[in-house]
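Proteins are rarely solid all the way through, and looking for the gaps is a friendly way to get to know one. Let us take a walk through the open and enclosed spaces of this structure and see what borders them.

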Amino acid sequence: MAQVRKAACPLNCWDSCGFNVTIDQDRVTKVEGDPEHPITQGKICGRGRMLETRANSSQRLLHPLKKVNGTFEQISWDQALDEIAAKLYGIKEKYGTTAVLHSHDYANNGILKNLDQRFFNCYGGVTELYGSLCWGAGIEAQKWDFGNAWSHGPADIGNSKNIIIWGRNVARTNMHFYEKLLEAKKQGAKIFVIDPLFNATAKIADEYITIKPGMDGLLAAGIIKEILRLGLEDQEFIERSTHGFADLSRLLNGISLEEISERTEVSCEVMTTLANVYADKPTSTYMGLGLQRYKNGGNTIRFIDALAAVSGNIGIAGGGANYANLQVGQSFAFEELTLAHCRTNYRQFSIMKQAEEVLTATDPEIKMIVVTCGNPLTQVPDTNMVEKTFSSVETLVVIEQFMTDTAMLADYVLPTTTAFEEEDLYYSSMYHHYVNYGPKLVTAPGEAQPDLWIWTQLAGRLGFGEDFDFSREEWLKMALKPLNDKGITLEKLRAHHTMELPVVKIPWHDHTFQTPTGKYEFTAQQKGDNGLLTLAVPDESKWANPKLAEKYPYHLLTIHPLRSNHSQNYHLFASKPKVKVEIAANIAESLGLEKGDFVKVWNDRGEIKGFISILAKVHPDTINIDEGIWKEFGGSVNHLTSNRESDNGLGSTLYDCLVNLEKIK
Ligand SMILES: Nc1nc2c(c(=O)[nH]1)N[C@H]1C(S)=C(S)[C@@H](COP(=O)(O)OP(=O)(O)OC[C@H]3O[C@@H](n4cnc5c(=O)[nH]c(N)nc54)[C@H](O)[C@@H]3O)O[C@H]1N2
Ligand SMILES: Nc1nc2c(c(=O)[nH]1)N[C@H]1C(S)=C(S)[C@@H](COP(=O)(O)OP(=O)(O)OC[C@H]3O[C@@H](n4cnc5c(=O)[nH]c(N)nc54)[C@H](O)[C@@H]3O)O[C@H]1N2
Ligand code: SF4
Ligand SMILES: [Mo]
């Protein structure tokens, strides 16, 4: 008989939903929202519901595979694990452990997914990735300004008079925050959306502000200039609780509002309006991750933080410079789980430039890449370079649920479980602060095994089995240890399914910051001249690179798809997906393009072909192609993106991208 059990969404998403999952005869038959989850309240998105399709798909990988003479052959787990362990052992002896690259991303928010790091640390330390394609520039930026990246609790939006949604596609990527916005609007809050694309959230805004991509730091500078001109700043906060305000004033004196307007393509009047909105407190700012995937991305987030600070919206109910909430992840015992101190030797490559760095690595060269929770062939910038690297490395091991573009290139593909087939705890450091419990609900199909089982088996073969000699229950208890004295235990989580983590709901309310000066830092004291705010623009813009802009006149955004988490669902859609090239009306007009036209989009890094769709309300000269598309459906838009790092070195520049476009037959 069918049974309904509570579970949790594992996907890398703002919302971290609670599920009610129907199980019939050891099979998941339906995924719905859990009405009792305090934040997500019974509603989930299509990506969550599609986890049922993912789990039951006939395309699931069911057995370990080895590539022999260019084709995959099914092998036993023993053979796969013995051969991979022997290779790891041989590499360690001959070249040292750093000849192995561990390439990973965030495909699954399970706490025990982090034990891959423990494995590589206990092995001796490998070449690991630093930085983040996703949110890296902004996290680092907020660490410079506040000392940490913390956000207000979800309920606090109810206290805001004005809400600024800045480069966040809420209706598509963060549905429960969208619900909160609708509620706040009903209660009289005013909503402002700043985005080059007139997205679904813009439709509910009281005012939509369109902007040239990558120019948001300058816009914040213009609004601060107006706040200061009108005498609307929070003088007490600036004097008592901040450091470096004189540097900021000096910088702003060097540029006029008209110059800012010319670069941002936002009118001076709008900047004056926004100055008044920020002064009409409390005004909250909710930043997305899209707006920091630029060369100047760190500076952009820092300038928006500065705007919230100058206007006195930091540390007050209904305010905040809300980006991510690292307090959530910081609640668990990651040091004990991952044993970073056990690595005796390690090297770091930038996640953005991993492919390029493998190609140029010496001493030692990379002999093996192990991919976990990631699909670099579609998700990492500069696909041509990624493909070159991943096809040329001596041994590529991919742990996967499906035969992705990355898995296709592997020497060994190891089949792994989905979230419904293993017990774990799930959280997201992006929006709310509840940890969810996900039980094992069904038996895994074929020979699929949890990632953790694979690490345990390999550790045993490599002589450090005792470091993995724990049961699932013991691992989960280990993760929760720092929370036990706050009353959060595995037993309680198993019983309640979700629990609130003990986080600060209104960060910085006491005006004590985690920076070196203990104050909010307009100038990051520890960073010397690098710690100054600047008027930087994107690398690929007519201001920074006029020649490039002449050759490639259009700005390409590559935002997150509606119905897939990145690359995870395209192969499961009922109708075959196509590359949709969404263009601004002015481009259609000047090139004589119509809906459905087949076009080529290109730059020096590569090209992508797709079908035109015209967006009536998008910033002029702007194009969007959603990310994540597999080779067989037209290919990843990362053929066009650059692997450069953001200003502070830790973020990507995925949206800092100029292209040209033409109609083809
Ligand atoms: N449906 C769906 N939801 C998802 C995901 C998914 O793949 N699909 N992925 C999840 C993950 S991992 C993440 S990181 C989050 C990301 O969540 P978001 O930050 O909401 O999404 P992005 O697609 O990164 O970009 C968001 C918005 O940034 C805008 N933008 C781009 N450049 C600029 C700019 O220069 N200035 C301004 N003002 N706006 C700009 C885009 O037009 C877009 O509206 O979403 C999560 N939720
Ligand atoms: N052009 C462009 N590129 C982008 C972005 C963009 O906006 N534009 N967004 C960036 C962002 S924000 C992010 S977060 C990254 C995401 O990049 P990735 O995390 O690499 O992308 P996904 O497609 O979510 O997942 C990768 C693979 O992990 C597998 N997987 C799922 N669960 C598990 C598991 O439990 N174990 C193992 N071993 N594998 C599993 C899935 O089957 C999937 O094939 O992409 C980045 N790339
Ligand atoms: S993908 Fe996000 S919104 Fe959708 S069910 Fe999962 S956590 Fe919820
Ligand atoms: Mo992300």
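## Pockets, cavities and ligands

The second largest pocket has a volume of about 850 Å³. Please keep in mind that this is a predicted model. Which residues lie nearest the centre of the second largest pocket? They are R172, L562, K580, E582 and D626, out of 34 residues that line the second largest pocket. Three elements give two or more residues to this lining: α6 (170–173), β23 (580–584) and β25 (606–615). The largest share comes from β25, which gives four residues to the lining of the second largest pocket. By type, this lining holds 17 nonpolar, seven polar and 10 charged residues.

Now turn to the largest pocket, with a volume of about 1500 Å³. Its lining counts 43 residues, and H104, Y106, N114, Q117 and W135 are the closest to its centre. Helices and strands both take part here: β6 (100–104), α4 (115–123), β7 (127–130), α5 (136–145) and α14 (334–338) each supply at least two residues of the lining of the largest pocket. This lining is made up of 17 nonpolar, 19 polar and seven charged residues.

Pockets are open, but a protein can also hold closed spaces. Rolling a probe the size of a water molecule over the atoms shows where empty space is left. How many cavities of 30 Å³ or more does a search of the whole structure find? The search finds eight.

The largest cavity takes up about 670 Å³ of space. Of its 41 lining residues, Y106, A107, C373, H566 and Q568 lie nearest the centre. Both α2 (51–56) and β16 (395–400) supply at least two residues of the lining of the largest cavity. The lining of the largest cavity divides into 15 nonpolar, 19 polar and seven charged residues.

For the second largest cavity, the volume is about 470 Å³. It is lined by 34 residues, and the closest to its centre are N169, T173, G290, R293 and Y655. Among the lining residues of the second largest cavity, 16 are nonpolar, 12 are polar and six are charged.

Here are the four volumes in one place.

| Space | Volume |
|---|---|
| Largest pocket | about 1500 Å³ |
| Second largest pocket | about 850 Å³ |
| Largest cavity | about 670 Å³ |
| Second largest cavity | about 470 Å³ |

### Who sits inside?

Where does ligand 1 sit? Ligand 1 is found in the second largest cavity. There are 35 residues around ligand 1, and T173, D195, G214, D216 and R293 come nearest. T173 and R293 also appear among the residues closest to the centre of the second largest cavity. The shell around ligand 1 consists of 17 nonpolar, 12 polar and six charged residues.

Some polar atoms of the protein can be picked out beside ligand 1. One oxygen atom of ligand 1 is 2.7 Å from a polar backbone atom of G214. An oxygen atom of ligand 1 also lies 2.8 Å from a backbone N or O atom of N169. With Y294 the side chain takes part: one of its N or O atoms is 2.8 Å from a nitrogen atom of ligand 1. Taken alone, ligand 1 exposes 910 Å², and the protein buries 100% of that.

Ligand 3 has its own set of neighbours: C9, L11, C13, D15, S16, C17, F19, I44, C45, R47 and G48. Sorted by type, the shell around ligand 3 has seven nonpolar, two polar and two charged residues.

### Backbone details

Most residues other than glycine have a negative phi, and most peptide bonds are trans. With that in mind, a few spots along this chain deserve a look.

The peptide bond that joins K281 and P282 is cis, with omega about -5°. P282 belongs to the loop between α12 (268–279) and β12 (283–287). Another cis peptide bond runs from D363 to P364, where omega is near -5°. P364 is placed in the loop between α15 (354–360) and β15 (368–372).

What is the phi of C373? It is near 50°, a positive value in a residue other than glycine. C373 is part of the loop between β15 and α16 (376–379). You have met C373 before, as one of the residues nearest the centre of the largest cavity.

Key:
Residues are numbered from 1 along each chain as its sequence is written. Chains are lettered from A and ligands numbered from 1 in the order in which they are written. This is a predicted model: local features need pLDDT of at least 70, side-chain atom pairs count only at pLDDT 80 or more; totals for chains, interfaces and linings use all residues. Side-chain values use heavy atoms; hydrogens and water are left out. A residue is near a molecule or strand if one of its heavy atoms lies within 4 Å of it. A polar contact is a pair of N or O atoms within 3.5 Å; within protein, one must be able to donate a hydrogen and the other to accept it, and residues adjacent in sequence count only if both atoms are side-chain atoms. Accessible areas come from the Shrake-Rupley method with a 1.4 Å probe; for residues, only the protein chains shown count as cover. On a 1 Å grid over the protein atoms alone, a cavity is a set of points where a 1.4 Å probe fits but cannot get out, and a pocket is an open set with protein on both sides within 12 Å along at least five of seven lines; lining residues have an atom within 4 Å of a point. A molecule sits in a cavity or pocket if more than half of its atoms lie within 2 Å of its grid points. Ala, Val, Leu, Ile, Met, Phe, Trp, Tyr, Cys and Pro count as nonpolar, Asp, Glu, Lys and Arg as charged, and the others, Gly among them, as polar. Grid points are joined across faces, edges and corners, and a volume is the space filled by probe spheres set on the points.
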